[in-house]
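Got the viewer open? Let's take a walk through this one, a stop at a time.

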Amino acid sequence: MKLAIFGSGKIVQEFLPLIKDLPEIQVKAILGTKRSQEKTEKLQATYGIEAAYTDIDECLKSTDFDTVYVAVPNHLHYAFAKKALAAGKHVICEKPFTLKYAELLELERLALEKELVLVEAITNQYLANYQGIKEASQNIGQLKIIECNYSQYSSRYDAFRAGTILPTFDPKKGGGALMDINIYNIHLVVGLLGKPQRVQYFANVERAIDTSGMLILDYGDVKAVCIGAKDSAATIRSTIQGNEGSVVVNGPTNTLESYTIESLAGEQETFDNKRHPHRMYDEFKQFSQVIKNKDLTFVKQQLEHSKIVMEIVETALADAGIVLGEEK
């Protein structure tokens, strides 16, 4: 994979040190804003990236890369991914895929028409521990309750309360707890159970954005609760309950640090199947193979998963009366 990275923020800075362990990926270019040019050029120099750009159209003219990793703020995902696909590039897009379901459908149409790879970078779907959790959840009898709690007090929340609206809490930029941390919970549940019958979102809303909230996914015989909070904190863990035992996911749903299988008698066994300490290793290892093999069957399968997530998100936001993005 010959890669261009769109963005120079926190997620990019987390990703770049991993490249040394993925020799099949060559980072050929990085795109940042004019405002962040100094930071972008510093990343270019530190990681030996061949080219740095501040203009997306100029960047996409390059034939040095075949794939774009879209890691810009949420509200720019759709526009940047669309430009990359139009230029004939494969696209790996950070979560959340888009702000609106219709935008994802448009990206899917464009990618499949051009036979290009389009996938969402959502760590938990690719982690070895997730495969273990899925298998374990099939051996605890009939599933009854899933509870995911990813609550982490945001370092930006105090500024938000004081009136400084940074992107993570800006509705125009696709911020909020649902789109930031709770979306990992949604992906975990959808990966286990698919599309729910009903969706409700009970959100704590301040300045038109959800600072925390409780998402209810009704699957008939199984009820799932996804809690995401950026205005408070609690022990971060998830529990999958069956009538013959339970699976406890230790740590956030974006890293899945380990999982513990508990019997009704109280017996416990903890597992950790990590292949690499970096949470993004497994997904990019997989993406590299998918692009090498142009595996559109895999792409279509993952897009179906992502579309269910986006449908849930759109329904949840509407239920809470939250509008994301610039109003048309």
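Start with Val68 in strand S4: its opposite number in S5 is Val91. Keep in mind as you click around that this is a predicted model.

Now widen the selection to residues 67-70, which make up S4. This strand runs parallel to S5, and four bridges join the two. To see how the chain gets from S4 to S5, add residues 77-86: that is helix H4, and the β-α-β crossover through it is right-handed.

**Stop two: strand S5**

Select residues 90-94 for S5. Are its faces covered or open? Both are covered. His90, Ile92 and Glu94 sit buried on one side, while Val91 and Cys93 are buried on the other. With five of its five residues buried, S5 is largely enclosed by the rest of the structure, so you may want to hide some of the surroundings to see it.

**Stop three: on to S6**

Stay on Val91 and look for Leu118, its bridge partner in S6. Strand S6 covers residues 118-121, and it pairs with S5 in the parallel sense over four bridges. Add residues 101-113 to bring in helix H5, which makes a right-handed β-α-β unit together with S5 and S6.

**Stop four: the whole sheet**

Time to show the neighbours too. Six strands form an open sheet, in the order S3-S2-S1-S4-S5-S6, with parallel pairing. At the edges are S3 (51-53) and S6, each pairing on one side only. Turn the view to follow the twist, which averages 25° from one strand to the next.

**Stop five: S1, S2 and a helix**

Pick out residues 2-6 for S1 and 26-31 for S2; five bridges link this parallel pair. Which residue of S2 stands opposite Ala4? Click on Ala29 and you have found it. Then select residues 37-47, helix H2, which lies across S2 and S3 and runs at about 170° to S2.

**Last stop: zoom out**

Show everything, and you have ten helices and 14 strands in view. The radius of gyration is 20 Å, close to the 20 Å that the globule rule gives for 328 residues, so the protein is as compact as a globular protein of that length. Its C-alpha trace spans about 60 × 45 × 35 Å along the principal axes. Try colouring by burial: buried residues make up 55% of the 328. As for the outside, about 14700 Å² is exposed, with carbon and sulfur atoms supplying 46% of it.

Technical notes
Residues are numbered from 1 along each chain as its sequence is written. This is a predicted model: local features need pLDDT of at least 70, side-chain atom pairs count only at pLDDT 80 or more; totals for chains, interfaces and linings use all residues. Side-chain values use heavy atoms; hydrogens and water are left out. Buried means under 20% relative accessible area, exposed over 50%, partly exposed in between (1.4 Å probe, protein chains only). Two strands pair if DSSP finds at least two bridges between them. A crossover is right-handed if, with the strands pointing away from the viewer, the path from the first strand over the helix to the second runs clockwise. Axes are lines fitted to C-alpha atoms, for helices over the stretch in contact, and angles run from 0 to 180 degrees between N-to-C directions. Contact means heavy atoms within 4.5 Å. The radius of gyration is taken over C-alpha atoms; the globule rule is 2.2 Å times the number of residues to the power 0.38. Accessible areas come from the Shrake-Rupley method with a 1.4 Å probe; for residues, only the protein chains shown count as cover.
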